[in-house]
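User: Could you take a close look at one pair of packed helices in this model for me? I'd like to know how the two sit against each other and what lies around them.

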Amino acid sequence: MQNFETETTPYSRLSTIYDYVMRHVDYVHWAHYVSSLLARHKVKPNRVLDLACGTGSLAIELYRQKFDVLGADGCREMLDVAIEKARKLRYPIPFYHRNLLDLDDLPPCDAVLCLYDSINYLMSPEKIARALNEVHRIVNPNGVFVVDICTESNSRQYFCNMESEDSGDGFSYRRHSYYEKGVQYNKFDIHFEDTDEVVKEVHQQRIYSLETIEEILDKSPFEMVGAYGGFGYAPPTEFSDRVHFVLKK
Ligand SMILES: C[S@@+](CC[C@H](N)C(=O)[O-])C[C@H]1O[C@@H](n2cnc3c(N)ncnc32)[C@H](O)[C@@H]1O
């Protein structure tokens, strides 16, 4: 069979193996953590929107925890996986195809989430500001936006010229991660055995300093009511891998 290479947009083919690649992520724990942040900030949401929901793993866990949950993502193929997973479980979770920069006609929600570095895909402070305005439009009064960022400490520790490879059922992939001038790159070469096709995806995420993010948040229509390092409840430091922000409308 002829081996042929194609380059495609981020997540359009990674979607098919995303859950395998991310199998180390504990979405049950993440959903409990989000739920604890909502309780801490006295938000009892009727409706929760998971923005940039990917293949829907967190939305599914939130549904299991009895939230009325919706999902939205900018990548059609990621959503297709999410829709299929929810269908098989018979969970009636609506999924919407939306860009973070245009949340047109999504229903109003009491809590909006955007997690696992998804906001880092917005490559300029202006785009983050625009996304914050979009989210603000659809959050109900007294509702919250919970958003996390990947920090520079995380990029330097885990994504500095790292090469890895792995294989699963019918595919193998190589991943090269590096961090350069404030941008984290993840390059995937995925080999699908049935077609002998090699697909390349290049993912770029801007890594903002805490100071820059806080400046952007300060100018947004939200009030920042909490910033937490990692999955804890202490304020973030420069060594935090990830920071969760709770923004109130
Ligand atoms: C690292 S994945 C995280 C997915 C999911 N939140 C999770 O926890 O598995 C990043 C997600 O952000 C989505 N994304 C990136 N940029 C986006 C944008 N501008 N609008 C909507 N979704 C976007 C991607 O399609 C992808 O599903």
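Analyst: Here is a look at the helix pair, followed by the loop that leads into it. A quick note first: this is a predicted model, with local features needing pLDDT of at least 70, side-chain atom pairs counted only at pLDDT 80 or more, and totals for chains, interfaces and linings using all residues. Residues are numbered from 1 along each chain as its sequence is written, and side-chain values use heavy atoms, with hydrogens and water left out.

The pair is α5 and α7 (residues 210-219), packed at an angle of about 40 degrees with axes 10 Å apart. Helices here are DSSP runs of H or I, at least four residues, and strands are runs of E, at least two, numbered from the N terminus. Axes are lines fitted to C-alpha atoms, for helices over the stretch in contact, with angles from 0 to 180 degrees between N-to-C directions. The two helices are therefore oblique to each other (under 35 degrees is roughly parallel, over 145 roughly antiparallel, 65 to 115 roughly perpendicular, the rest oblique). On the α5 side, Pro125, Ile128, Ala129 and Leu132 make the contact, meeting Ile213, Ile216 and Leu217 of α7; contact means heavy atoms within 4.5 Å. Those residues split into 7 nonpolar, no polar and no charged (Ala, Val, Leu, Ile, Met, Phe, Trp, Tyr, Cys and Pro are nonpolar, Asp, Glu, Lys and Arg charged, the others, Gly among them, polar).

Now the loop. Asp117 lies between β5 (109-114) and α5 (125-138). Asp117 is buried, at 7% relative accessible area (buried is under 20%, exposed over 50%, partly exposed in between, with a 1.4 Å probe and protein chains only). Beyond neighbours within four places in sequence, Asp117 touches Asp148, Ile149, Cys150, Gln205 and Arg242.
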